[in-house]
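Please open the structure in your viewer and keep the selection panel at hand. The tour proceeds by selections, beginning with the whole chain and moving on to individual strands, loops and residues.

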Amino acid sequence: NQFPAISGKTIVWQRAGSTDDILAAKLLDPSEVDVTYPNGGESVEAGTSMTITWTSTGPVDNVLIEFSSDGGASWTDVNTIPNTGSYLWDPVADVESTNCLVAVTNVDDPTAYDESDGVFELYRIPNSITVIAPNGGEQFLAGKPMDIAWTSFGPITNVKIEFSDNDGVDWQTVVASTPNDEAFTWAAAPDVNSQACSIRITDADDPATSDISDAALTVFQCDPNLTADLTGDCFVDLADVAELARQWLDCGNPYDLAWCGL
């Protein structure tokens, strides 16, 4: 190489033996980057958000942020941003690992680089379903509607609803797949007499995510000898007395069917 020259912080020279190859290099001011969070030992839920922070000295205009879930064996770019000292990573990578690292690098000087001093954890909360109603102790009349309710956590799109009348030994499908609206009205409870009934709700795409009523519920049939039941709910109460009064007012004399137009 020959004919070196310096202009400011730029050095130029000509390649030896050539009249065309002019080369240049820029002298960089020293800079440093130091990751401050996450810096080891933290636990963050995967898929949520996390603020990555760092400090820097010297001229650092832009930084590259990277992430590793295998202790630094491989890296994935998160973003390249201005050097603000912090970055809201939202959403965080949806992975489950106890061997995670974050790295920050000066884009103009890759030697100004730092990564988390120790590994941190990204964890997932398992999907879950919890039966709310009926959850034990309720009584339902066979053939009448049954309101079913539940809560869920996680990305559960559809659920399967089942019914058992023998403490879960056997299950019958109420609905094979219904949107996870956390509520469903079963138009007609089955025609059984049992105090050992249960409801089971399962993620239609993941049979391992499921829940069953905490205790037994009852489905019963009307006693045909219960002639005093005028409302059809298999109970004799004030509602039946009110119905009797309504019928009496409508028909007046039950011994004279002409009064009722019969």
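What follows is a sequence of selections in a predicted model.

**The whole chain**

Begin with the complete chain in a cartoon representation. The chain has 1 helix and 21 strands. Is the chain compact or spread out? The radius of gyration is 37 Å, well over the 18 Å that the globule rule gives for 262 residues, so the chain is more spread out than a compact globule. If the view is aligned to the principal axes, the C-alpha trace spans about 130 × 40 × 35 Å.

Next, colour the chain by relative accessibility. Of its 262 residues, 31% count as buried. A surface representation displays an accessible area of about 15,000 Å², and carbon and sulfur atoms account for 52% of that area. For the contact map, consider pairs of residues at least 6 apart in sequence: 56% of the contacts among them join residues at least 24 apart. Finally, select the charged side chains. The chain carries 8 positive and 42 negative charges, and the mean positions of these two sets are 8 Å apart.

**Strands β1, β2 and β3**

Select residues 2–7, which form strand β1, and residues 10–14, which form strand β2. These two strands pair in the antiparallel sense over 4 bridges. They form a hairpin with 2 residues between them, and Gly-8 in the turn has a positive phi of about 65°. To follow the register across the hairpin, display Ala-5, whose bridge partner in β2 is Val-12. Then display Ile-6, which stands opposite Ile-11 in β2.

How many of the 6 residues of β1 are buried? The number is 0, so β1 lies largely in the open.

Now add residues 22–26, strand β3, to the selection. β3 runs antiparallel to β2, and 5 bridges join the two. One residue of β2 to label here is Thr-10, whose bridge partner in β3 is Lys-26.

**Strand β12 and its partners**

Move to residues 120–123, strand β12, and show the side chains. Which of them point to the buried face? Phe-120 and Leu-122 point to one face and are buried, whereas Glu-121 and Tyr-123 point to the other and are not.

Two pairings of β12 can be displayed together. Strand β5, residues 43–45, pairs with β12 in the parallel sense over 3 bridges. In this pairing, Glu-45 stands opposite Tyr-123. Strand β10 runs antiparallel to β12, and the two are joined by 2 bridges. Here Cys-100 has Phe-120 as its bridge partner in β12.

**Two cis peptide bonds**

Select Asp-90 and Pro-91 and inspect the backbone between them. The peptide bond joining these residues is cis, with omega near 5°. Pro-91 lies in the loop between β9 (86–89) and β10 (97–106).

Then select Ala-133 and Pro-134. The bond from Ala-133 to Pro-134 is also cis, with omega near -10°. The place of Pro-134 is the loop between β13 (128–133) and β14 (139–141).

**Positive phi outside glycine**

Centre the view on Asp-167, in the loop between β16 (158–164) and β17 (172–179). Its phi is positive, about 60°, although Asp-167 is not a glycine. Is Asp-167 buried or exposed? The relative accessibility of Asp-167 is 58%; since exposed means over 50%, Asp-167 counts as exposed.

Continue to Glu-182, in the loop between β17 and β18 (183–186). Glu-182 is a residue other than glycine with a positive phi, near 65°. With a relative accessible area of 30%, Glu-182 is partly exposed.

**Ala-215 and its contacts**

For the last stop, select Ala-215 in the loop between β20 (206–212) and β21 (217–220). At 39% relative accessibility, Ala-215 counts as partly exposed. Which residues does Ala-215 contact, leaving aside neighbours within four places in sequence? They are Asn-135, Gly-136 and Cys-197.

To close, draw a distance between the C-alpha atoms of Ala-215 and Asp-237. These residues are 22 apart along the chain, and their C-alpha atoms are separated by 27 Å.

Methods
Residues are numbered from 1 along each chain as its sequence is written. This is a predicted model: local features need pLDDT of at least 70, side-chain atom pairs count only at pLDDT 80 or more; totals for chains, interfaces and linings use all residues. Side-chain values use heavy atoms; hydrogens and water are left out. The radius of gyration is taken over C-alpha atoms; the globule rule is 2.2 Å times the number of residues to the power 0.38. Buried means under 20% relative accessible area, exposed over 50%, partly exposed in between (1.4 Å probe, protein chains only). Contact means heavy atoms within 4.5 Å. Accessible areas come from the Shrake-Rupley method with a 1.4 Å probe; for residues, only the protein chains shown count as cover. Lys and Arg count as positive and Asp and Glu as negative; His and the chain ends are not counted. The place of a charge is taken as NZ of Lys, CZ of Arg, CG of Asp or CD of Glu. Two strands pair if DSSP finds at least two bridges between them.
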